[in-house]
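Welcome! Open your viewer, get comfortable, and let's take a walk through this model together.

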Amino acid sequence: MNGKRYSRQRELIYETLMHTNEHPTAEMVYQWLKPENPSLSLGTVYRNLNVLADEGRIRRMAFPVERYDADLHAHPHFRCDKCGAVYDMDFPYNSELDRRALETSAHQVEGHEVIFHGVCVNCKTLH
């Protein structure tokens with residue numbers, strides 16, 4: 001754990017991320033856990049999410065509001081332009097893009113992220 005001592009709250013936050021596909025914000029994690037953990041603060045959630053990300057146990061996701069994902073295998077995402085929800089997309093990572101980027105630049109390419117956007121199935125059915 002990179003010299004960090006065990007934290008029950010950190011493990012609770014991690015387990016919460018492991019059992020959702022919603023790619024929650026820190027605020028969402030806080031709202032989910034607060035009812036059964038009255039001493040939990042939003043600052044504690046942020047701090048522990050950052051520790052988990054720094055340890056490589058979760059991934060920070062660069063959306064307008066930072067989200068988190070415990071599924072570390074490379075996979076694309078979809079962000080709804082209407083409601084802001086984020087979904088996993090189920091098709092293989094394209095390592096060919098990494099190879100092409102490496103060949104056409106002097107950068108040390110280690111991977112890529114793909115974020116599709118549009119209108120999610122839930123918002124589509126509302127109209």
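What is the volume of the largest pocket? In this predicted model, the largest pocket has a volume of about 250 Å³.

**Stop one: the pocket lining**

Select H75, Y93, H112, E113 and V114. Of the 18 residues that line the largest pocket, these lie nearest its centre. Next, colour β1 (59-61) and β5, the elements that each give two or more residues to the lining. If you colour the lining by class, you should find 12 nonpolar residues, four polar ones and two charged ones.

**Stop two: H75**

Stay with one of those central residues, H75. Follow the chain to the loop between β2 (67-69) and β3, and you will find H75 there. Is H75 buried or exposed? Its relative accessibility is 9%, so H75 counts as buried, the cut-off being under 20%.

Now show the side chains around H75. One polar contact joins the side chain of H75 to the side chain of H77, at 3.0 Å. Another links the side chain of H75 with that of D88, at 2.9 Å. Which residues does H75 touch once those up to four places away in sequence are set aside? The answer is H23, R59, D69, D88 and M89, so try selecting them as a group.

**Stop three: four cysteines**

Move on and select C80, C83, C120 and C123. The UniProt record, an unreviewed entry, annotates these four as "binding site". They are spread over 44 residues of sequence, yet they cluster in space, with a largest C-alpha distance of 8.3 Å.

Zoom in on C83, which sits in the loop between β3 (77-80) and β4 (86-88). C83 has a relative accessibility of 45%, so it counts as partly exposed, a class that runs between 20% and 50%. Apart from neighbours within four places in sequence, C83 is in contact with C120 and C123.

Now click on C120, in the loop between β5 (115-118) and α5 (121-125). Is C120 buried or exposed? C120 is buried, and its relative accessible area is 2%. Leaving out residues up to four places away in sequence, C120 touches F78, C80, C83 and Y87.

**Before you close the viewer**

Try showing two selections together: H75 with its polar partners H77 and D88, and the four annotated cysteines, C80, C83, C120 and C123.

Key. Residues are numbered from 1 along each chain as its sequence is written. This is a predicted model: local features need pLDDT of at least 70, side-chain atom pairs count only at pLDDT 80 or more; totals for chains, interfaces and linings use all residues. Side-chain values use heavy atoms; hydrogens and water are left out. UniProt positions are given in the numbering used here, feature names are shortened, and annotations may be inferred rather than shown by experiment. Helices (H or I, at least four residues) and strands (E, at least two) are DSSP runs, numbered from the N terminus. Buried means under 20% relative accessible area, exposed over 50%, partly exposed in between (1.4 Å probe, protein chains only). Contact means heavy atoms within 4.5 Å. A polar contact is a pair of N or O atoms within 3.5 Å; within protein, one must be able to donate a hydrogen and the other to accept it, and residues adjacent in sequence count only if both atoms are side-chain atoms. On a 1 Å grid over the protein atoms alone, a cavity is a set of points where a 1.4 Å probe fits but cannot get out, and a pocket is an open set with protein on both sides within 12 Å along at least five of seven lines; lining residues have an atom within 4 Å of a point. Grid points are joined across faces, edges and corners, and a volume is the space filled by probe spheres set on the points. Ala, Val, Leu, Ile, Met, Phe, Trp, Tyr, Cys and Pro count as nonpolar, Asp, Glu, Lys and Arg as charged, and the others, Gly among them, as polar.
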